[in-house]
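Welcome, and thanks for taking a look at this one with us. Please have the sequence and the model at hand as you read.

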Amino acid sequence: MCIRDRDGDIDISVLVEKMSNIFPIVAKIEQMCQLTTTDRSTVATADEPGSWRLCTSRTCVVLYEYLNQPEGMMLSQYGEEDQSVTLPLTKCSISGVEASCPREKEPILRRVFGENWRTDRLTSLFH
């Protein structure tokens, strides 16, 4: 999932089978987008998910790691979540911009962008 939230950066979530799979993904994003990794959260370890901050001089991407778990669950730095709330991603429109959103997007988008996320002007979402 990729969302640009109120702090103006771009948030990307990645679900992997094992944490070592995240490193080639980060490298590919750095290369494709000409980004530089500024840090990886202190929460993250070789076995525990965390987040990455990758930046250019104009914007940053925050990449959140999710580790696939048994029985349809996934683990992030915030705890365990049911994959069925997020997956499969669905198409949605945020202030007229097409995006990929969690399957049950309403509560997440309302939390990230506010109650009027469907109707507010796009520029008002990034302050």
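The report below goes from the overall fold to single residues.

## Confidence and overall layout

Please keep in mind that this is a predicted model. The mean pLDDT of the protein chain is 77, and 79% of the residues reach at least 70. Among the elements, strand β6 (residues 73-76) has the highest mean pLDDT, at 88, while strand β1 (residues 2-4) has the lowest, at 46. Residues 1-6 have a pLDDT below 50, although the model gives this stretch 35 contacts beyond near neighbours in sequence.

The protein chain has three helices and nine strands. Their order along the sequence is β-β-α-β-β-β-β-β-α-β-β-α. Of its 127 residues, 37% count as buried. If you take the contacts with a separation of 6 or more, 39% of them join residues 24 or more positions apart. The exposed area of the protein chain is about 7600 Å², of which carbon and sulfur atoms supply 53%.

## The nonpolar core

Let us step inside. The largest nonpolar core is made of 14 residues, and Val14, Val16, Ile22, Val26, Trp52, Leu54 and Leu63 have the most contacts within it. Two or more residues come from each of β2 (10-16), α1 (22-33), β4 (51-55) and β5 (60-69).

Leu54 is a good residue to centre your view on. Setting aside residues up to four places away in sequence, Leu54 touches Val26, Glu30, Leu35, Thr36, Thr37, Thr59, Cys60, Val61 and Leu63. Two of these partners, Val26 and Leu63, are also among the core residues with the most contacts.

## Asp39 and strand β3

Which residues does Asp39 touch, not counting those up to four places away in sequence? They are Ser51, Trp52 and Arg53. Asp39 itself is in strand β3 (residues 36-40), and the C-alpha atoms of Asp39 and Arg53 are separated by 5.5 Å, with their positions 14 residues apart along the chain. Asp39 counts as partly exposed because its relative accessible area is 38%.

## Around strand β6

Just ahead of this strand, the loop between β5 and β6 holds Glu71. Phi of Glu71 is near 60 degrees, a positive value in a residue other than glycine. Most residues other than glycine have a negative phi. Glu71 is exposed, with a relative accessible area of 78%.

Is Ser76 buried or exposed? Ser76, which lies in strand β6, is buried because its relative accessible area is 6%, under the 20% limit for that label. Beyond its neighbours within four places in sequence, Ser76 is in contact with Pro49, Glu65, Tyr66 and Glu81.

## Helix α2 and the loop after it

Thr86 lies in helix α2 and is buried, with a relative accessible area of 13%. Leaving out neighbours within four places in sequence, the contacts of Thr86 are Met74, Glu81, Pro102 and Arg103. Glu81 is thus a partner that Thr86 and Ser76 both contact.

The loop between α2 and β8 includes Pro88, and the peptide bond from Leu87 to Pro88 is cis, with omega near -5 degrees. Most peptide bonds, by contrast, are trans. Leu89 is found in the loop between α2 (83-86) and β8 (90-94) too. With a relative accessible area of 35%, Leu89 is partly exposed. Together with Leu15 and Leu87, Leu89 forms a nonpolar patch on the surface, and the three have about 210 Å² of accessible area together.

## The salt bridge

How many salt bridges does a search of the whole structure find? The search finds one. Side chains of opposite charge can pair when their charged atoms come close. Here the partners are Glu104 and Arg103, whose closest N and O atoms are 3.2 Å apart.

Glu104 counts as partly exposed, since its relative accessibility is 38%. Arg103 is partly exposed as well, at 37% relative accessibility. Arg103 also returns us to helix α2, where Thr86 is in contact with Arg103.

Key. Residues numbered from 1 in each chain as written. Predicted model: local features only at pLDDT ≥ 70, side-chain atom pairs only at ≥ 80, totals over all residues. Heavy atoms only, no water. Patch = residues over 30% accessible without salt bridge, like charges linked within 9 Å, V, L, I, M, F, W, Y side chains within 5 Å. Areas by Shrake-Rupley, 256 points an atom, 1.4 Å probe, with all protein chains shown as cover. Salt bridge = Lys/Arg side-chain N within 4 Å of Asp/Glu carboxyl O. Helix = DSSP H or I, 4+ residues; strand = E, 2+ residues; numbered from the N terminus. Buried < 20%, exposed > 50% of the residue type's maximum accessible area, 1.4 Å probe, protein only. Core = buried A, V, L, I, M, F, W, Y, C linked by side-chain atoms within 4.5 Å. Contact = heavy atoms within 4.5 Å. pLDDT = per-residue confidence, 0-100.
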